[in-house]
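Let's take a friendly walk through a structure, one topic per stop. Keep the 3D view open while you read, and turn it as you go.

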Amino acid sequence: MRLMLLGAIAMASFAIALIFLRFWVKTHDRFFGFFAAAFAIAGIGRILLGLVPHTDDQTPLIYLTQLLAFLVIIFAIIDKNRSLKREKVPESPGPL
Amino acid sequence: MNDGGVIPVDAQQFLLRQIDSIAQLEGLLWLRAHAGQAWDAATLARHLYIADDEARAVLDQLVARGLVAAEEGAGPRHYLYRPETHELDAMVGRIDDLYRRYLIPVTNLIHAKPQDRSKSRIAAFADAFRLRKDKP
Amino acid sequence: MTAALIYSLCAATSLVCAMLLFGAYRRTRYRLLLWSALCFAGLTVSNAVLIIDKVLTPPSVDLTLWRYGITLISLLVFLYGLIWDTE
């Protein structure tokens, strides 16, 4: 049961990642590329959880993968808002 | 671009990225012409000859793009023309002029956008993450 | 413990995403935003249950399958929205 759910979660994550990839190509907004990467990373994490023996959610490999996925999302949000700010003040370099 | 080369590249970029439909363009330009006052979606809908909820969707999309500001109050939401930067305002002014002089090329440009309705939904997802004033 | 801290960060991030998307849904009424908001809300719950499972409940209680179930349903809801509600 556990492995079945992990597999389903991984598959759903990859499908979502593929759809975001398509959005990125369609809109040229790298925000979607980041989300695609985040869901792909999360999917890979689930596969690792299922394949690598003796791993659970408290294994560093697993929670670091999850952390990476969420850091990518956080970065995507920051990046989106940063590029807005750059549009606002084109003359002054400013701290980033 | 079948616009006969009359629309400058930066204006084309603005139209492609920020405007999804003619109704949205006319809504933006109407608000700019009647700036300094807040209007509700129903009033705009009447002037643009579109349905109320289409007007509301168009206006909310403009708010998400930083071109229009929304005011909540006791009654329905009101909108007023308030672009985030002076550059944006200048661009909208040029678009206004371009639309008046070259109606057909501008219309063609907007209509040539592939599947603009689905793009606006997808763009709305990304726009949801714009934090505007409260930056992290 | 590091794991609990990291999963708290994940829960907080999903919560922020859910709130931003839900706010945008209320403004635009685009259903895609509702489904994505629900997905991130579900992921927030899933991360929260993980922390509760590891920290608060005794070892005899294992909420793993519930967590996976919530995660899966959240992702399926999002997938449904991405396929049917992007026109």
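Here is a short briefing on how chain C touches its neighbours and how chain B is built.

This is a predicted model, so please read every value below as computed from that prediction. Chain C makes contact with chain A, using 26 residues of its own and 28 residues of chain A. Chain C also makes contact with chain B, where each chain gives 14 residues. Chain B itself has seven helices and three strands.

**Where chain C meets chain A**

- About 2,400 Å² of area is buried between chain C and chain A, and carbon and sulfur atoms give 82% of that area.
- On the chain C side, the residues that lose the most area to chain A are C:Tyr7, C:Tyr68 and C:Leu75, which together account for 24% of what that side buries.
- To put such areas in context, the accessible area lost when parts come together is often used to give the size of an interface.
- One salt bridge is counted between chain C and chain A.
- To find that kind of link in the 3D view, look for the side chains of C:Arg67 and A:Asp57, which meet in a salt bridge with an N to O distance of 2.7 Å.
- Two residue pairs are in polar contact between chain C and chain A, both at pLDDT 80 or more.
- Three elements of chain C give two or more residues to the side that touches chain A: α1 (2-28), α2 (31-56) and α3 (64-84).
- Of these, α3(C) provides the largest share of that side, with eleven residues.
- Sorted by character, the residues on the side of chain C that touches chain A are 17 nonpolar, seven polar and two charged.

**Where chain C meets chain B**

- The area buried between chain C and chain B is about 1,400 Å², with 68% of it given by carbon and sulfur atoms.
- How many salt bridges are counted between chain C and chain B? The count is zero.
- The count of residue pairs in polar contact between chain C and chain B, with both at pLDDT 80 or more, is zero as well.
- On the side of chain C that touches chain B, α1 and α2 of chain C each supply at least two residues.
- The largest share of that side comes from α1(C), which gives six residues.
- The residues on the side of chain C that touches chain B divide into eight nonpolar, three polar and three charged.

**How chain B is built**

- If you follow chain B along its sequence, the helices and strands come in the pattern α-α-β-α-α-β-β-α-α-α.
- The strands of chain B form an open sheet of three strands in the order β1-β3-β2, with antiparallel pairing.
- Why does one side of β1 (39-40) and of β2 (68-71) of chain B lack a neighbour in the sheet? Both strands stand at the edges and have a single partner strand each, so one side of each is left without a neighbour there.
- Four bridges join β2(B) to β3 (residues 78-81) of chain B, and these two strands run antiparallel.
- One bridge to look for pairs B:Glu71 with its partner B:His78 in β3(B).
- Chain B has 136 residues, and buried residues make up 53% of them.
- Among the contacts in chain B between residues at least 6 apart in sequence, 64% join residues at least 24 apart.

Methods
Residues numbered from 1 in each chain as written. Chains lettered and ligands numbered in written order. Predicted model: local features only at pLDDT ≥ 70, side-chain atom pairs only at ≥ 80, totals over all residues. Heavy atoms only, no water. Contact = heavy atoms within 4.5 Å. Buried area = accessible area lost by both parts, 1.4 Å probe. Salt bridge = Lys/Arg side-chain N within 4 Å of Asp/Glu carboxyl O. Polar contact = N/O pair within 3.5 Å; in protein donor to acceptor, adjacent residues only side chain to side chain. Nonpolar A, V, L, I, M, F, W, Y, C, P; charged D, E, K, R; others polar. Pairing = 2+ DSSP bridges. Buried < 20%, exposed > 50% of the residue type's maximum accessible area, 1.4 Å probe, protein only.
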